[in-house]
Structures are given as structure tokens and as C-alpha cells.
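Work through the exercises below with the model open. Try each task before reading its solution.

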Amino acid sequence: MATSEFPAEWDDPRYVAAVVGVLATAALYVYASTAQNTLTTAEITLVLLVALAPAGVAYELAGRAT
């Protein structure tokens, strides 16, 4: 059985992307808890971009820095 542990070094691109993704998801929960109405499809698209775009950008930046 292969063991693959998640990297815990601050400069590893996967670690940076995971941290940024978690923070972006937390920001979405804050937004969702303060929203007055239900989300439209445009807002859902925006929510997905807000969660996934920062993680992707962080991954690329961390990959270039190493």
C-alpha cells in the first residue's frame, strides 16, 4: 500500500493552494451567511470562481517561486 502524505512545507505549491482554497471557502461561507436572498446561477458561478481562482493562482505562484 502506497502512502502519500500531504506536504506541510509553506513553499510547496499544493500546500499553498490548499491553504488559499480553505480560506476562500471560509470567505464564501461568510458571504452566504450574510446574503439576504437565495443565490442565483450568476452568483453561484461567482462563488465558484472566488473559491477556485485564488487557489489556482496561489498554486502557480508558489510553483514559480520554488
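The exercises go from the whole chain to one helix and then to one residue; the model is predicted.

**Exercise 1. Describe the chain as a whole.**

Solution.
- Start with secondary structure: the chain has two helices and zero strands.
- Next, burial. Of the 66 residues in the chain, 18% are buried.
- Then the surface. The accessible area is about 5300 Å², and carbon and sulfur atoms account for 66% of it.
- Last, contacts. Take those between residues at least 6 apart in sequence: 56% of them join residues at least 24 apart.

**Exercise 2. Find the two faces of helix α1, and check its span and its start.**

Solution.
- Span: α1 covers residues 13–34, and its 22 residues reach 32 Å from first C-alpha to last, close to the expected 32 Å.
- Buried set: P13, V16, A17, G21, A24 and L28.
- These buried residues lie on the same side of α1, because they cover an arc of only 125° around the axis.
- The spacing rule helps here: an α-helix has 3.6 residues a turn, so residues three or four places apart point the same way.
- Opposite face: turned away from the buried side are the exposed residues V22, L23, Y29, V30, S33 and T34.
- Start: a side-chain oxygen of D12 comes within 2.9 Å of the backbone nitrogen of R14.

**Exercise 3. Place V50 relative to α1.**

Solution.
- Locate V50: helix α2, residues 41–65.
- Classify V50. Its relative accessible area is 33%, so V50 is partly exposed.
- List its contacts beyond four places in sequence: A24 and L28. Both belong to the buried set of α1.
- Compare distances. V50 and G21 are 29 residues apart in sequence, and their C-alpha atoms are 9.2 Å apart in space.

Note on methods. Residues are numbered from 1 along each chain as its sequence is written. This is a predicted model: local features need pLDDT of at least 70, side-chain atom pairs count only at pLDDT 80 or more; totals for chains, interfaces and linings use all residues. Side-chain values use heavy atoms; hydrogens and water are left out. Helices (H or I, at least four residues) and strands (E, at least two) are DSSP runs, numbered from the N terminus. The expected span of a helix is 1.5 Å times one less than its number of residues. Buried means under 20% relative accessible area, exposed over 50%, partly exposed in between (1.4 Å probe, protein chains only). The arc is that of the directions from the helix axis to the C-beta atoms. A polar contact is a pair of N or O atoms within 3.5 Å; within protein, one must be able to donate a hydrogen and the other to accept it, and residues adjacent in sequence count only if both atoms are side-chain atoms. Contact means heavy atoms within 4.5 Å. Accessible areas come from the Shrake-Rupley method with a 1.4 Å probe; for residues, only the protein chains shown count as cover.
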